[in-house]
Amino acid sequence: MTAPVYENTDVFAYGLDAADPLRPLRDEFLFPPAPSGAPAIYLAGNSLGLQPRKARKYVQMEMEDWERLGVEGHVHGRHPWLPYHEQLTGMVARVVGAQPIEVVVMNTLSVNLHLMMVSFYRPTRERFKILIEGGAFPSDQYAVASQARFHGYDPKEAIVRLMPREGEDTLRSEDILEAIERHGKELALVMLGSVNYLTGQAFDLREITRVAHAQGCKVGFDLAHGAGNLKLSLHDDGPDFAVWCSYKYLNGGPGSLGGVFVHERHAHSPQLPRFEGWWGHNKATRFEMGPTFDPLPGAEGWQLSNPPIFQLAALRSSLELFDRATMAALRTKSDQLTGYMEFLLDRLPAGYVSITTPRDLKQRGAQLSLRFKGEPKRLLQRLSAAGIICDFREPDIIRAAPAPLYNTYLDVFRFVKALEAHALE
């Protein structure tokens, strides 16, 4: 495949935007203002996605139905609340490459991770360890440590942490697979992120799942930085479960609902241990209020409580845009955006910035993690004053994520030009 030919001019960036079939989707989002009053250059969708224009309308509609109907909104609202979450199921399934029976929108990520580990982390004397990234997001590290401790194990013994080789920022694929094979007979669970929050490295979920299952391990993935970012194929890749949030690339709003994937092979396994709740009970008999739990088939059977409708409404406004765009088209544009950013960054003065995210497109999503010479926190403040929003992660990383739903090539060009001005001072 021939590498794209980029140019370091604003005319070239304007040309790319003019030819972009996804360009109209940018107008479906609301941008915070820069100090100048113009829309900010927003490169922080990997932390909190922008608000879709229809989010307010959809939430307001449910507020009005609550006012107008009270409890009757559950069955007589314009979008009845009782089955409201089902409106999102097909759209979420398409985002993560799953069958509808395998997904449900519910709770938040860490809650869902604990619920999944109740079912899929079943340690024994011989097989009790959990494999994670040494640099996993803290919530994942806390969750697996607390689950090991809950089962009576010392996390220092039960948690196997993958670390990059000395002098390297990211994990090598062969080292991940070798570690699974080396520890395989002791591993109860392999639980990795799909994209590392700090480095932006994306992992080969299918190969990790294949090797882990060959060792007899259960497999789960945290898709916090993968859902709405990578072109996922969860059903075909075959992990036992996955969890994600929806406030990053999925633009569901701050603290928005998360989601769960449970592979179809577990869809009709009521014997799986789980924490039970009324909303996961058989819909046909739910309102008979019986004392015995009868789980719904598939991921819905892990629901505990009826979901918050206003959050579902806001998330629906974004998922409709993903359906319009398709993940295949979004991934194509995302690769081009990060490729263009990489091209421009490589033309900055030598030694000013290094890219810690893999350059292989198969090993990254929309985020490039950048290490700068000097004081990155001050640089971040300078960018903010110029109307460019990124974020900082300890110890020394600025993360820049051009989200293909709403970012442009001109955003990327202007971001790097701001860096160039700083570098040349």
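On a 1 Å grid over the protein atoms alone, a cavity is a set of points where a 1.4 Å probe fits but cannot get out, a pocket is an open set with protein on both sides within 12 Å along at least five of seven lines, and lining residues have an atom within 4 Å of a point. The model on display is predicted: local features need pLDDT of at least 70 and side-chain atom pairs count only at pLDDT 80 or more, while totals for chains, interfaces and linings use all residues. Residues are numbered from 1 along each chain as its sequence is written, and side-chain values use heavy atoms, with hydrogens and water left out.

**The whole chain**

Begin with the protein chain in cartoon view, which shows 14 helices and 15 strands (DSSP runs numbered from the N terminus: helices are H or I of at least four residues, strands E of at least two). The C-alpha atoms fill a box of roughly 70 × 60 × 40 Å along the principal axes.

**The seven-stranded sheet**

Next, select the open sheet ordered S4-S10-S9-S8-S7-S5-S6, whose seven strands have mixed pairing (two strands pair if DSSP finds at least two bridges between them). Strands S4 (103–105) and S6 (159–162) are at the edges with a single partner strand each, so one side of each has no neighbour in the sheet. Within this sheet, S9 (residues 241–244) and S10 (residues 259–262) run antiparallel and are joined by four bridges. Select Ala242 to see Phe261 of S10 opposite.

Now add helix H6 (residues 138–150), which lies across S5 (129–133), S6, S7 (187–193) and S8 (218–222), in contact through heavy atoms within 4.5 Å. H6 runs at about 155 degrees to S6; axes are lines fitted to C-alpha atoms, for helices over the stretch in contact, and angles run from 0 to 180 degrees between N-to-C directions. Helix H4 (residues 86–96) lies across S4 and S9, at about 120 degrees to S4.

**The four-stranded sheet**

Move to the open sheet ordered S11-S12-S15-S14, where the pairing is antiparallel. Its edges are S11 (353–355) and S14 (391–393), each with a single partner strand, so one side of each is left without a neighbour in the sheet. Three bridges pair S11 with S12 (residues 368–372), and Val353 stands opposite Phe372 in S12. Helix H13 (residues 376–385) packs on this sheet and touches S12, S14 and S15. Helix H12 lies across S11, S12 and S15 (397–400), running at about 15 degrees to S12.

**The largest pocket**

Keep H12 (327–345) selected: six residues of the largest pocket's lining come from this helix, the largest share. H8 (173–183) and H9 (205–214) each supply at least two. The pocket encloses about 940 Å³, a volume being the space filled by probe spheres set on grid points joined across faces, edges and corners. Of its 32 lining residues, Arg331, Asp335, Leu361, Lys362 and Gln363 lie nearest the centre.

**Two cavities**

Finally, locate the two cavities of 30 Å³ or more. The largest, about 60 Å³, is lined by residues including Gly228, Lys248, Phe322 and Tyr406. The second largest has a volume of about 40 Å³. Select Asn8, Leu344, Arg347, Leu348, Val416, Lys417 and Glu420 to display its lining, to which helix H14 (residues 409–423) gives the most, with three residues.
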